[in-house]
Amino acid sequence: MGVDGRRLNVVVGVSGGIAAYKACHLVRAFTERGHSVHVVPTPSALNFVGAATFEALSGNPVSTTVFDAVDEVRHVRIGQEADLVVVAPATADLMSRAAHGRADDLLTATLLVATCPVVFAPAMHTEMWNHPATRDNVATLRRHGAIVLDPAHGRLTGVDTGPGRLPEPEQIAKLALLAAEKPGAFTRDLEGKRVVVTAGGTREAIDPVRFIGNHSSGRQGFALADVAAQRGADVTLIAGSVDALGTPPGVTLRSITSARDLHDAVVEEAPGADVVIMAAAVADFRPGTESDSKLKKGASDDALSRIELVENPDILADAVRRRADGELDAATVIVGFAAETGDATATPLEHAKTKLARKGCDLLMCNDVSGGATFGAEDNVGWILDADGTIDDVPRGSKHAVAANILDAVARRVAAARG
């Protein structure tokens, strides 16, 4: 379920494209979270996946026509009772019919009735996605209040590759549930902006086998990249030490390992960026010397007990310095993160205030990670500190919802900086 514990009534619409098989995994993603799912395919979708499959996965009957269960007025009731409608895949034909208010099957009738968040996940060949008619239909759907996700880049039907691939079901589920959790998260206020996000933990080699690392999963940074891209930004994600996190649709991924790798990547990618978000968990220290061979237990020199540590570059402070020196645009918005624990001297929030002043960034997201909280979790909570002195509470929510709150603050900063 969502982090607020609500059990949602989710309608999964499926239109007739080769990616219809992925809708099965999407249904499972919702049901495994405890939500109730009704699948409403178009007639052509059943050429790809049979009704029995959708019924077995959802536990609810499947129909494509407005003439089934007429006494129950299903073509109205399904949309009225929905908390969330997700169409995946959404073909060019389906989006055209939806944009023009057609109601010639159960799915389009449901779309006309629904007053809840409606999310379209397009899937089609690149030429179809780029066609002016499709672009007009996407603009119309967004103007009418629907959320149209940008498709992924990748292998399409046959040998074609390009934008138009359906995002992975888990990615669609997270974005769709964000629409239910925070409907305003998908405003296109970062359209045309270039955003650089760092994510995950760094690994500092001791020898060819061992390293110094941390518990960061990279989920918050990936969520930031995901939501920023869906808000229209051109996103580069610099990530290290992440496991099983798919690249968000429309995002360019650059993988790194160590803090020095991350520093070099930020130096290369930050110039020309409108926003730089430092969400990576960077190791403060690294071994002064990396052994060329594996250090053995019980070695006479007791090397493992005498690892000398040296400081890594302060990547956030360095970005702020380079902005002051003119190496970055003066209007670049720089965002830091503070994973804090309280101690005898200060609370996590007090430590974050000190860090914001010391680093000189514009915004700082602080969360309390005492006892390992947040690392690897699906949700987050904390505070957004602004250099102007304001502090906004970020309520507990999915990491995508927290990302949306951070990007709200970023968008306000960008608008003010660009005047």
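Leaving aside its neighbours within four places in sequence, which residues is Pro313 in contact with? Keep that question in mind as you work through these exercises on a predicted model.

**Exercise 1. Place Pro313 and Asp314 in the fold, and describe their surroundings.**

Step 1. Begin with the opening question: beyond the neighbours within four places in sequence, Pro313 is in contact with Arg260, His263 and Arg286.

Step 2. Now find the element. Pro313 sits in the loop between β15 (309-311) and α11 (315-324), and Asp314 is in the loop between β15 and α11 as well.

Step 3. Check the accessibility. Partly exposed covers the range between 20% and 50% relative accessible area. Pro313, with 29%, is therefore partly exposed. Asp314 has 35%, so Asp314 is also partly exposed.

Step 4. Look for a polar partner of the Asp314 side chain. One of its polar atoms lies 3.0 Å from the backbone nitrogen of Ala317.

**Exercise 2. Take the "binding site" residues from the record and decide whether they gather at one spot or not.**

Step 1. Collect the set. An unreviewed UniProt entry lists Asp284, Lys294, Pro313, Asp314, Ile315, Leu316, Phe337, Lys355 and Lys359 under "binding site".

Step 2. Test the spread. These residues span 76 residues in sequence, and the farthest two C-alpha atoms are 37.1 Å apart, so they do not all gather at one spot.

Step 3. Compare the set with the largest pocket. Its lining takes in Asp284, Pro313, Asp314, Ile315, Leu316, Phe337, Lys355 and Lys359.

**Exercise 3. Characterise the largest pocket by volume, lining and contributing elements.**

Step 1. The volume of the largest pocket is about 1000 Å³.

Step 2. Its lining is made of 41 residues, and those nearest the centre are Ala280, Ala281, Val282, Phe337 and Lys355.

Step 3. Two or more lining residues come from each of β8 (194-200), α9 (219-230), α11, β16 (333-340) and α12 (348-359). The largest share, 5 residues, belongs to β16.

**Exercise 4. Find the nonpolar cores and follow one well-connected residue.**

Step 1. As background, nonpolar side chains tend to be buried together in soluble globular proteins.

Step 2. The largest nonpolar core here has 74 residues, and Phe30, Val86, Leu224, Val235 and Ile277 have the most contacts inside it. Helix α13 (residues 399-418) gives the most to this core, with 10 residues.

Step 3. Follow Ile277. Not counting residues up to four places away in sequence, Ile277 touches Val195, Val196, Val197, Thr198, Leu224, Val335, Phe337 and Leu407.

Step 4. Look for another core. A second, separate one of 25 residues includes Ile256, Ala270, Leu316 and Leu364.

**Exercise 5. Work out whether Trp129 and Thr64 are buried or exposed, then list their partners.**

Step 1. Locate both residues. Trp129 is in helix α6 (residues 126-130), while Thr64 is in the loop between α2 (51-58) and α3 (74-81).

Step 2. Apply the cut-off for buried, which is under 20% relative accessible area. Trp129 has 6% relative accessibility, so Trp129 counts as buried. Thr64, at 16%, is therefore buried too.

Step 3. List the contacts, leaving aside neighbours within four places in sequence. For Trp129 they are Met95, Pro122, Met124, Thr134, Arg135, Val138, Leu149, Asp150, Pro151 and Pro163. Thr64 touches Pro41, Thr42, Pro43, Leu46, Asp105 and Leu106.

Step 4. Finish with a distance. Trp129 and Gly162 are 33 residues apart along the chain, and their C-alpha atoms are separated by 10.0 Å.

Notes:
Residues are numbered from 1 along each chain as its sequence is written. This is a predicted model: local features need pLDDT of at least 70, side-chain atom pairs count only at pLDDT 80 or more; totals for chains, interfaces and linings use all residues. Side-chain values use heavy atoms; hydrogens and water are left out. UniProt positions are given in the numbering used here, feature names are shortened, and annotations may be inferred rather than shown by experiment. On a 1 Å grid over the protein atoms alone, a cavity is a set of points where a 1.4 Å probe fits but cannot get out, and a pocket is an open set with protein on both sides within 12 Å along at least five of seven lines; lining residues have an atom within 4 Å of a point. Helices (H or I, at least four residues) and strands (E, at least two) are DSSP runs, numbered from the N terminus. Buried means under 20% relative accessible area, exposed over 50%, partly exposed in between (1.4 Å probe, protein chains only). Contact means heavy atoms within 4.5 Å. A polar contact is a pair of N or O atoms within 3.5 Å; within protein, one must be able to donate a hydrogen and the other to accept it, and residues adjacent in sequence count only if both atoms are side-chain atoms. A nonpolar core is a set of buried Ala, Val, Leu, Ile, Met, Phe, Trp, Tyr and Cys residues joined through side-chain atoms within 4.5 Å. Grid points are joined across faces, edges and corners, and a volume is the space filled by probe spheres set on the points.
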